[in-house]
Amino acid sequence: MRIFEYLPELEGDELRYVNKLTEEFDENRLTTFVRSYRARRKEPNVFLLTALLGLVGIAGIHRFLAGQIAMGVLYFFTIGLCYVGTIIDLVNHKNIAFENNRNVARDIYDELKMHSR
């Protein structure tokens with residue numbers, strides 16, 4: 001896995017996804033991708049901590065960070081769907097992070113493909 005040399009912090013599904021996405025990139029485009037991806041990706045711990053904050057403070061921050069504005073507003077006004085949704089998101093914080101980072105990787109991939117034409 002060539003991408004592991006550039007992004008050793010990736011693991012599991014995220015590593016496999018980004019590796020598959022970038023396997024056709026030359027070194028120049030791969031370096032550009034890595035720089036952009038590292039700047040825009042979010043660590044799973046960020047989602048965990050903000051979901052925890054939802055239990056004691058403002059619910060839904062982790063959904064806003066993931067770009068899920070409607071869910072963030074819903075969580076905010078329903079106190080994390082009466083805490084149940086927030087507790088479920090605490091358990092699934094890695095999935096929320098992977099979904100967010102997968103979208104970020106896809107956006108960067110599309111940008112690089114568009115500029116290479």
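Is Glu111 buried, partly exposed or exposed? Keep that residue in mind while the tour, which moves through a predicted model, works its way from the salt bridges to a nonpolar patch on the surface.

Begin by selecting Arg40 and Glu111, whose side chains meet in a salt bridge with an N to O distance of 3.6 Å. Arg40 belongs to helix H3 and Glu111 to helix H9, which spans residues 93-115, so this pair ties together parts that lie 71 residues apart in sequence. Colouring by accessibility gives the answer to the opening question: Glu111 is partly exposed, with a relative accessible area of 34%, and Arg40, at 33% relative accessibility, also counts as partly exposed.

Stay on helix H3 and select Arg38 next, together with Glu9; their side chains form a salt bridge in which N and O are 3.0 Å apart. Here Arg38 lies in helix H3, whereas Glu9 sits in the loop between H1 and helix H2 (12-22), so the contact ties together parts separated by 29 residues in sequence. Arg38 has a relative accessibility of 41% and therefore counts as partly exposed, and Glu9 falls into that class with a relative accessible area of 29%.

Now move to Glu27 and Arg2, which form a salt bridge whose closest N and O atoms are 3.2 Å apart. Because Arg2 lies in the segment before helix H1 (3-6) and Glu27 in helix H3 (residues 27-40), the pair ties together parts that are 25 residues apart in sequence. Glu27 is partly exposed at 40% relative accessibility, and Arg2 is partly exposed at 29%.

To finish with the charged side chains, select Glu14, Arg41 and Glu43 together, since these three residues are linked in a network of salt bridges. In total, the structure holds 9 salt bridges.

For the last stop, clear the selection and show the surface of Ile58, Phe64, Ile69, Val73, Phe76 and Phe77, which together make a nonpolar surface patch of about 580 Å². Which helix gives the largest share of this patch? Select helix H6, residues 69-77, and you will have the element that supplies 4 residues, the largest share. Then pick out Ile58, which is found in the loop between helix H4 (44-56) and helix H5 (61-65). With a relative accessibility of 46%, Ile58 counts as partly exposed, and a residue needs over 30% relative accessible area to be included in such a patch.

Key
Residues numbered from 1 in each chain as written. Predicted model: local features only at pLDDT ≥ 70, side-chain atom pairs only at ≥ 80, totals over all residues. Heavy atoms only, no water. Patch = residues over 30% accessible without salt bridge, like charges linked within 9 Å, V, L, I, M, F, W, Y side chains within 5 Å. Areas by Shrake-Rupley, 256 points an atom, 1.4 Å probe, with all protein chains shown as cover. Salt bridge = Lys/Arg side-chain N within 4 Å of Asp/Glu carboxyl O. Helix = DSSP H or I, 4+ residues; strand = E, 2+ residues; numbered from the N terminus. Buried < 20%, exposed > 50% of the residue type's maximum accessible area, 1.4 Å probe, protein only.
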